[in-house]
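Q: Please take a close look at a single part of this structure, namely the aromatic rings and the strands that carry them. A connected account suited to a first-year student would be welcome.

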Amino acid sequence: MTKTSPVNGAVYVRISRTQLEEREVKWAAINVTLLGDNTIVAAVTGKKIRVLSIWFKAGLAVSLSIKSGNNTKIDANTFAANEAFTPSVHPNGFFVETNVGEALVFNAGVVSANVHGELNYIEV
């Protein structure tokens, strides 16, 4: 089931517990240190990357966009220096899902943003 948020247009996708159990939950480090695009999870041919949990902390004030590949913006926000982003775990999938065959990319609007954290994801 797919549902779109009336607030920010984010797409939420629900999957059953059985579907989740059939997929390997993977882990990736978030290490955004460059201005512009920083690949967090490499593209997987024929698969989407769906984030289940995420946390990170911005070392400097930064405008950060989460993207599917090089073009499609999934979400964007501005974070203060030393601000942490720690939403709850979403076992059915978080608000972040890439397009098929595209990488999960964080785009930083400042040099040396020092955004560090981690996420769990599945390939769907």
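A: The account below turns to the aromatic rings, then to the strands, and lastly to two loop residues.

The model is predicted. A pair of aromatic rings is described by the distance of the centres and the angle of the planes. The structure holds four aromatic pairs. One of them joins phenylalanine 56 and phenylalanine 79, with 5.3 Å from centre to centre and 80 degrees between the planes, an edge-to-face arrangement. This pair links distant parts of the chain, for phenylalanine 56 lies in strand E5 (residues 49-58) and phenylalanine 79 in strand E7 (residues 72-79), 23 residues apart. Both phenylalanine 56 and phenylalanine 79 are buried.

Phenylalanine 56 also pairs with phenylalanine 106: the ring centres are 5.9 Å apart and the planes stand at 75 degrees, so this pair is edge-to-face, since an angle over 60 degrees counts as such. Here too distant parts of the chain are linked, with phenylalanine 56 in strand E5 and phenylalanine 106 in strand E9 (residues 104-108), 50 residues apart. Phenylalanine 106, like phenylalanine 56, is buried. Taken together, Phe56, Phe79, Phe85 and Phe106 form one aromatic cluster.

Two of the strands named above, E7 and E9, also pair with strand E6. Strand E6 (residues 62-68) is mostly covered, as six of its seven residues are buried. With E7, strand E6 pairs in the antiparallel sense over seven bridges. E6 and E7 form a hairpin with three residues between them, and glycine 69 in the turn has a positive phi of about 65 degrees. E6 and E9 likewise run antiparallel, joined by five bridges. Lysine 67 illustrates both contacts: its bridge partner in E7 is lysine 73, and its bridge partner in E9 is valine 105.

Two asparagines in loops complete the picture. Asparagine 82 lies in the loop between E7 and strand E8 (84-85). Its phi is near 65 degrees, a positive value in a residue other than glycine. Asparagine 82 has a relative accessible area of 52%, and it is therefore exposed, the limit being over 50%. Asparagine 114 is found in the loop between E9 and strand E10 (115-123). The phi of asparagine 114 is near 50 degrees, again positive in a residue other than glycine. With a relative accessible area of 34%, asparagine 114 is partly exposed.

How values were computed: Residues are numbered from 1 along each chain as its sequence is written. This is a predicted model: local features need pLDDT of at least 70, side-chain atom pairs count only at pLDDT 80 or more; totals for chains, interfaces and linings use all residues. Side-chain values use heavy atoms; hydrogens and water are left out. Rings of Phe, Tyr and Trp (its six-membered ring) pair if their centres lie within 6.5 Å; planes under 30 degrees apart count as stacked, over 60 as edge-to-face and the rest as tilted. Helices (H or I, at least four residues) and strands (E, at least two) are DSSP runs, numbered from the N terminus. Buried means under 20% relative accessible area, exposed over 50%, partly exposed in between (1.4 Å probe, protein chains only). Two strands pair if DSSP finds at least two bridges between them.
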